[in-house]
Amino acid sequence: MSVKDRIFVLAQHLLPQHGLSRLAGYAAECRARWLRERLITWFIKRYQVDMQAAELAHPDQYEHFNAFFTRALKPGTRPLDADAESVVSPVDGAISQIGTISDGQLFQAKGHTCNLVELLGGDIETASLFRDGEFATLYLSPGDYHRVHMPVSGTLLKMAHVPGHLFSVNPLTASRVPRLFARNERVVCLFDTEFGPMAVVLVGAMIVASIQTSWAGIVNPPGRKVTSCSYIAQDICLEKGEEFARFRLGSTAIVLFAAKNVTWDLRLQAGSSVRMGSLIASNCKAKVIGH
């Protein structure tokens with residue numbers, strides 16, 4: 001690891017993560033034209049954002065930076081895989097890791113794993129649903145589209161907010177910070193789907209102002225304890241490809257399925273790029289993808 005990379009990782013341990021993120025959140029919500037247009041224009045150039053895909057293509061059309069960051073795409077830009085047996089990517093991004101949950105551990109990076117129970121905020125009951133199941137960790141870079149969509153159709157059962165740190169979740173930090181995803185602040189969403197139980201874990205990161213869901217708005221409960229809420233009685237049903245969350249500045253989404261329910265696309269591996277709506281897995285009863 002280079003000296004620059006060592007300094008980057010060390011700085012994350014020393015800097016006031018939550019304070020910096022709150023400050024970034026205030027700037028991201030600023031409506032002052034001189035600031036928002038400079039921020040957006042700089043960001044587009046710095047991260048090579050494809051504004052041709054955006055519903056609003058010009059920086060001056062956004063009321064603040066967060067409106068730009070959570071921008072909608074033009075209709076039809078991300079077509080859904082049409083196969084009824086398919087699981088689609090919930091985000092634009094890259095596969096960080098993908099595979100089977102082994103002995104209650106998700107592979108994070110060489111030399112590092114993430115404990116399933118810890119990832120789910122200590123919820124042993126929910127973790128038992130995914131024992132020996134499947135996981136896919138999807139990293140969203142700053143320039144990516146930052147809305148999160150349903151991989152399959154499902155009904156929301158519960159949501160939990162798990163407080164924690166705000167380390168960066170880029171590949172460098174994932175390879176250097178043990179238990180990264182189980183240490184960062186996150187929102188765990190549990191669904192009942194046609195392919196069995198599914199969880200989508202929305203992981204916060206350095207400079208992430210907040211995580212927003214379609215049913216609860218911005219998720220930011222007070223206190224430093226795990227906060228869980230049941231939605232069984234509310235009958236919140238979401239269709240495959242439907243938007244259900246947004247990262248107000250970027251991060252990572254981890255998708256979990258129970259054992260023997262889905263088969264990952266064999267063409268996918270760490271580093272593979274994915275687009276929202278593209279095929280990432282199929283029902284185990286369907287033909288294995290990639291053959």
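Two strands pair if DSSP finds at least two bridges between them. The model used in these exercises is predicted.

**Exercise 1. Partners of β15**

Task: Find which strands pair with β15, and in which sense.

Solution.
Step 1. Start with β5, residues 134-139. Six bridges join β5 to β15, and the two strands run antiparallel. That meets the cut-off of at least two bridges.
Step 2. Pick out one contact in this pair. L138 stands opposite A253 in β15.
Step 3. Turn to β9, residues 196-203. Six bridges link β9 and β15, again in the antiparallel sense.
Step 4. Pick out a contact here too. V200 has V255 of β15 as its bridge partner.

**Exercise 2. The surroundings of β15**

Task: Decide how many residues of β15 are buried, and which way they point.

Solution.
Step 1. Recall the cut-off: buried means under 20% relative accessible area.
Step 2. Count. In β15, residues 252-257, six of the six residues are buried.
Step 3. Sort by direction. T252, I254 and L256 point one way. A253, V255 and F257 point the other way.
Step 4. Conclude. Six of six are buried, so β15 is largely enclosed by the rest of the structure.

**Exercise 3. An open sheet**

Task: Give the strand order of the four-stranded open sheet and explain why one side of each edge strand lacks a neighbour.

Solution.
Step 1. Write the order: β6-β14-β10-β11, with antiparallel pairing.
Step 2. Look at the edges. β6 (147-149) and β11 (217-218) stand there, each with a single partner strand, so one side of each has no neighbour in the sheet.
Step 3. Inspect one pair. β6 and β14 are joined by three bridges in the antiparallel sense. Within this pair, V148 has A245 of β14 as its bridge partner.

**Exercise 4. A hairpin**

Task: Describe how β3 and β4 are connected and paired.

Solution.
Step 1. Locate the strands. β3 covers residues 105-109 and β4 covers residues 112-115.
Step 2. Check the pairing. Four bridges join them in the antiparallel sense. L106 stands opposite C114 in β4.
Step 3. Look at the turn. The two strands form a hairpin with two residues between them. G111 in that turn has a positive phi of about 90°.

**Exercise 5. Positive phi outside glycine**

Task: For D103 and D235, state the phi value, the location, and whether each is buried or exposed.

Solution.
Step 1. Take D103. Its phi is positive, about 55°, although D103 is not a glycine. D103 is found in the loop between β2 (93-100) and β3. With a relative accessible area of 65%, D103 is exposed.
Step 2. Take D235. Its phi is near 55°, a positive value in a residue other than glycine. D235 lies in the loop between β12 (227-230) and β13. Its relative accessible area is 55%, and D235 is exposed.

**Exercise 6. Surface charge and a buried asparagine**

Task: Name the residues of the negative surface patch, then place N66.

Solution.
Step 1. List the patch. D83, E85, E194, E239 and E242 gather on the surface as a patch of negative charge.
Step 2. Place one of them. E239 sits in the loop between β13 (237-238) and β14 (243-248).
Step 3. Move to N66, in helix α4 (residues 65-69). N66 is buried, with a relative accessible area of 1%.
Step 4. Check its distance to E29. The two residues are 37 residues apart along the chain. Their C-alpha atoms are separated by 6.1 Å.

Notes: Residues numbered from 1 in each chain as written. Predicted model: local features only at pLDDT ≥ 70, side-chain atom pairs only at ≥ 80, totals over all residues. Heavy atoms only, no water. Patch = residues over 30% accessible without salt bridge, like charges linked within 9 Å, V, L, I, M, F, W, Y side chains within 5 Å. Areas by Shrake-Rupley, 256 points an atom, 1.4 Å probe, with all protein chains shown as cover. Salt bridge = Lys/Arg side-chain N within 4 Å of Asp/Glu carboxyl O. Lys, Arg positive; Asp, Glu negative; His and termini not counted. Charge placed at Lys NZ, Arg CZ, Asp CG, Glu CD. Buried < 20%, exposed > 50% of the residue type's maximum accessible area, 1.4 Å probe, protein only.
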